[in-house]
Amino acid sequence: MDDTLFSEKEYFFSGIAYVEDFISSLYNIQFNGEILKAYKSGVKDIWGWSCQKLGLPLETKESFIWIYRNHKPKINLFPGIVALFKKLNELNAKILILTDGRSVTQRLKIKALNLEDFPIYISEEYSSIKPS
């Protein structure tokens, strides 16, 4: 699903923006754009960097990661995907969503993309990992 039906990078940027908003609100500081700027300047561990920048213990990084993973993403299907699904439906083709990842994270993506009507298979829900 990721990078097949939508841009994983779009999801990544959506999550960063969400965490920035969360930090800004929770800590009552202006943090919007800070994590993205750090990422674009080459920071590899953006969540650890965020802890350092905020003067928080490095363990807080795990909380930021979970906030990122559980955000409601602002993502869109690639152009042509809806038309492809319509055409496949006209041909009575069977369509399902097969994706690797965490159940909650992947289901949030599926909901954001309005794909809940398809049968969904998520690796974590089957105690499986790619490419099982």
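This is a walk through a predicted model, one selection at a time.

**Stop 1: the core**

Start in the middle of things and select V19, I35 and W47. Within the largest nonpolar core, which has 27 residues, these are the ones with the most contacts. Now colour α1, α3 (46-54), α4 (60-69), α5 (81-90) and β2, since each of these elements supplies at least two residues of that core. Which of them gives the most? That is α1, with 5 residues.

Keep V19 selected and show what surrounds it. Leaving aside residues up to four places away in sequence, V19 touches I35, W47, F64, I67 and Y68. So two of the top-contact residues you just picked, I35 and W47, turn up again as neighbours of V19.

**Stop 2: helix α4**

Next, pick the buried residues of α4: T60, F64, I65, I67, Y68 and R69. What do they pack against? Turn the view and you'll find α1, α3 and α6 (103-112) on the other side of those contacts.

For one of the α6 residues, select T105, which is found in that helix. T105 has a relative accessible area of 8%, so it counts as buried. Its contacts beyond four places in sequence are Y11 and R69, and R69 is on the list of buried α4 residues too.

**Stop 3: salt bridges around α6**

The structure holds 7 salt bridges. A bit of background before you click: side chains of opposite charge can pair when their charged atoms come close.

Select K109 and E8. Their side chains meet in a salt bridge, 3.5 Å from N to O. K109 lies in helix α6 and E8 in helix α1, so this pair ties together parts that are 101 residues apart in sequence. Is K109 buried or exposed? K109 is buried, because its relative accessibility is 2%. E8, at 24%, is partly exposed. Add D2 to the selection: salt bridges that share partners join D2, E8 and K109 into one network.

Move along to R107 and E125. They form a salt bridge too, and the closest N and O atoms are 2.7 Å apart. Here R107 lies in helix α6 while E125 is in the segment after β2, so the pair ties together parts that are 18 residues apart in sequence. R107 is partly exposed, with a relative accessible area of 35%, and E125 is partly exposed at 35% as well.

One more pair: K111 and E116, whose side chains meet in a salt bridge at 3.7 Å, N to O. K111 counts as exposed, at 52% relative accessibility. The cut-off for that label is over 50%, so E116, with 35%, is called partly exposed instead.

**Stop 4: T99 in strand β1**

Select T99, in strand β1 (residues 97-99). With 7% relative accessibility, T99 counts as buried. Where does its side chain make a polar contact? Look for the side chain of Q106, at 2.4 Å. Expand the selection to the neighbours of T99, skipping residues up to four places away in sequence, and you get M1, D2, Q106, Y121, I122 and S123. You have met D2 already, in the network with E8 and K109.

**Stop 5: out to the surface**

Switch on the surface and select Y18, F22, L26, Y27 and I29. Together they make a nonpolar surface patch of about 430 Å². Zoom in on I29, whose place is in the loop between α1 and α2. I29 counts as partly exposed, at 35% relative accessibility.

**Stop 6: two positive phi angles**

Stay in that loop and select N28, which lies between α1 (8-27) and α2 (34-40). What is unusual to check here is the backbone: phi of N28 is near 55°, a positive value in a residue other than glycine. N28 is exposed, at 70% relative accessibility.

Finish with S127, found in the segment after β2 (120-122). Phi of S127 is near 50°, again positive in a residue other than glycine. Is S127 buried or exposed? S127 is exposed, with a relative accessible area of 74%. The segment after β2 is also where you found E125, the salt-bridge partner of R107.

Note on methods
Residues numbered from 1 in each chain as written. Predicted model: local features only at pLDDT ≥ 70, side-chain atom pairs only at ≥ 80, totals over all residues. Heavy atoms only, no water. Helix = DSSP H or I, 4+ residues; strand = E, 2+ residues; numbered from the N terminus. Buried < 20%, exposed > 50% of the residue type's maximum accessible area, 1.4 Å probe, protein only. Polar contact = N/O pair within 3.5 Å; in protein donor to acceptor, adjacent residues only side chain to side chain. Contact = heavy atoms within 4.5 Å. Patch = residues over 30% accessible without salt bridge, like charges linked within 9 Å, V, L, I, M, F, W, Y side chains within 5 Å. Areas by Shrake-Rupley, 256 points an atom, 1.4 Å probe, with all protein chains shown as cover. Salt bridge = Lys/Arg side-chain N within 4 Å of Asp/Glu carboxyl O. Core = buried A, V, L, I, M, F, W, Y, C linked by side-chain atoms within 4.5 Å.
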